[in-house]
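The following exercises concern the contacts between protein and DNA and the fold of the protein chains. Each task is followed by a solution in steps.

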Protein chains: 2
Amino acid sequence: MSVYFGTFENKVDRKGRVSVPAPFRQILATSAFQGIIAFRYQAPEAVEACSLEFMERLDQSVSDFDLFSEAHDDLAFNIFAESHQLPFDGEGRVILPAALLEITGIQEHAAFVGKGPTFQIWEPSALAERKSEARQRAPNLTLRLRRNEPGGAS
Amino acid sequence: MSVYFGTFENKVDRKGRVSVPAPFRQILATSAFQGIIAFRYQAPEAVEACSLEFMERLDQSVSDFDLFSEAHDDLAFNIFAESHQLPFDGEGRVILPAALLEITGIQEHAAFVGKGPTFQIWEPSALAERKSEARQRAPNLTLRLRRNEPGGAS
DNA sequence: TGTCATCCCATTGACACCCATGAAATCCCA
DNA sequence: TGGGATTTCATGGGTGTCAATGGGATGACA
C-alpha cells in the first residue's frame, strides 16, 4: 500500500479532461476500478480523491456496525451521495464533472496534491493560497515518527 | 460486491418510466432479478432501493436471530409488505408505482442517490434539502478508517 | 373495447476508445 | 561522461458506441 505525495499541475483540455499524475496512477494501478472516486469533503474549494477500495473500506467501517444508523446516514449523504466515479481513459485522464468544476473554480488548470492515503484536486491559485496559510500557521513544525520494526528499507 | 455512489437525476416520462442510472444497473447486473426492490423505510420522503439479494440477506440477518420475534414481525410489516418489485425494461428503466410517487412527491424528475450498500430515490428538491441538513449536522465527519487488513490498493 | 403494461425501435448527445504529437526524462553505449 | 536512442508522459483530436429519452406497436386483462 502506497502513499500519495507531491503536487502536480496539469491542463484541462477543451473536452474537460485532465491527466491524473502518473505517480498517482501507479498507486491506483492495482485497483479493481481503473479510475478515481472524487468527492467534496471539508475543505470547501477542494475535491478529495481516492481509490474505490478506500471507499469500500470507509463504507464497511460504518455499515458493519449499523446499516441504517444515523452515523451511516450522515456518512452516506455527505460522502457517498456527493461522490463521482471517474474512470480513466486509455491515457490516464479523467473528466471532471460540472459540479466539481464549480465548487473548485477549476477552469484551465488543475492541481493534484498528495495527502497520504488520499489526494486532493484544487484550482492552482486557491491551492497556493491555502499552502501559504499553512506555512504561516506552522512555521516550526516538527516531525515525529514512531520507531518502526526492524527490517525493510526506510 | 460493490457500492452505490453518486447522485443522478433522471426524467420521468409521461408513461411513468425512469432510467435507473447505468452505474447502478451495472452493480445489479449479476442479480437473479433484473430490476430493483423499492420500499419505504425511515426517511419519510424517500424510497429505499436495493437488489433482491440484499433483501434476502436483510431477512436472514433478522430471522437467523429469531424467526417469530417481534423484530422480524416489524420488519415484515414495515418493509416486506410495502416492497415493490420493479423490473427493468429493455433500456434499464422502471415504472414507479403510484404509492411511491405519492410519498416522495416525484413528478417530472427523480433523483437516485447512492448510499453504499443501497440507494434511494427522491424528489430532487427534497433531496437537496436533506443534503444540506446532513452537511450542517456533520461538519466534522472524519475520513478516518479503522485499521485495515493488509493488501489492496489505496 | 378501453386501459395499462411490455416490447421494440429511433434519436441525440455525451463520452469511451483509438491514434497522433511533442516534450522531457531515462537509458544505453561508446 | 556525453550524446544519441528510447521510453514515458501530458496533451490534442476524430469517431464509434452507449446511455437517456421518446414514442409506436403489441399483448394482457377487465
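**Exercise 1.** Determine how far a base oxygen of DNA strand C is from an N or O atom in the side chain of K15(B).

*Solution.* The separation is 3.5 Å. A polar contact is a pair of N or O atoms within 3.5 Å; within protein, one must be able to donate a hydrogen and the other to accept it, and residues adjacent in sequence count only if both atoms are side-chain atoms. The model is predicted, so local features need pLDDT of at least 70 and side-chain atom pairs pLDDT 80 or more, whereas totals for chains, interfaces and linings use all residues; side-chain values use heavy atoms, without hydrogens and water. Residues are numbered from 1 along each chain as its sequence is written, and chains are lettered from A and ligands numbered from 1 in the order in which they are written.

**Exercise 2.** Describe the protein surface around DNA strand C, beginning with its residues.

*Solution.* Step 1: a residue is near a strand if one of its heavy atoms lies within 4 Å of it. The residues around DNA strand C include K15(A), R17(A), P87(A), E91(A) and R93(A) from chain A, and K15(B), R17(B), E91(B) and R93(B) from chain B. Of the atoms of DNA strand C that come within 4 Å of the protein, 20% belong to sugar and phosphate.

Step 2: by class, this surface has three nonpolar, no polar and eight charged residues. Here Ala, Val, Leu, Ile, Met, Phe, Trp, Tyr, Cys and Pro count as nonpolar, Asp, Glu, Lys and Arg as charged, and the others, Gly among them, as polar.

Step 3: β6 (93–95) of chain A and β6 (93–95) of chain B each supply at least two residues. Helices (H or I, at least four residues) and strands (E, at least two) are DSSP runs, numbered from the N terminus.

Step 4: a polar side-chain atom of E91(A) is 3.0 Å from a base nitrogen of DNA strand C, and for E91(B) the distance to a base nitrogen is 3.1 Å.

**Exercise 3.** Identify which residues come nearest to DNA strand D and list polar contacts with that strand.

*Solution.* Step 1: among the 26 residues around DNA strand D, the nearest are K11(A), K15(A), K11(B), K15(B) and R25(B).

Step 2: the side chain of K15(A) places an N or O atom 2.5 Å from a base oxygen. R17(A) has a polar side-chain atom 2.7 Å from a base nitrogen, while R25(B) has one 2.7 Å from a phosphate oxygen.

Step 3: sugar or phosphate accounts for 47% of the atoms of DNA strand D within 4 Å of the protein, and bases for the rest. The surface near this strand comprises six nonpolar, four polar and 16 charged residues.

**Exercise 4.** State in what order the strands of the open sheet in chain B lie.

*Solution.* Step 1: six strands form the sheet in the order β1-β7-β8-β4-β3-β5, with antiparallel pairing; two strands pair if DSSP finds at least two bridges between them. The edges are β1 (7–11) and β5 (84–87), each paired on one side only.

Step 2: in chain B, β4 (residues 43–50) and β8 (residues 119–122) are joined by three bridges, and E48(B) stands opposite Q120(B).

**Exercise 5.** Summarise the secondary structure of chain A and its buried share.

*Solution.* Chain A has five helices and eight strands. Of its 154 residues, 44% are buried, meaning under 20% relative accessible area (1.4 Å probe, protein chains only), with exposed over 50% and partly exposed in between.
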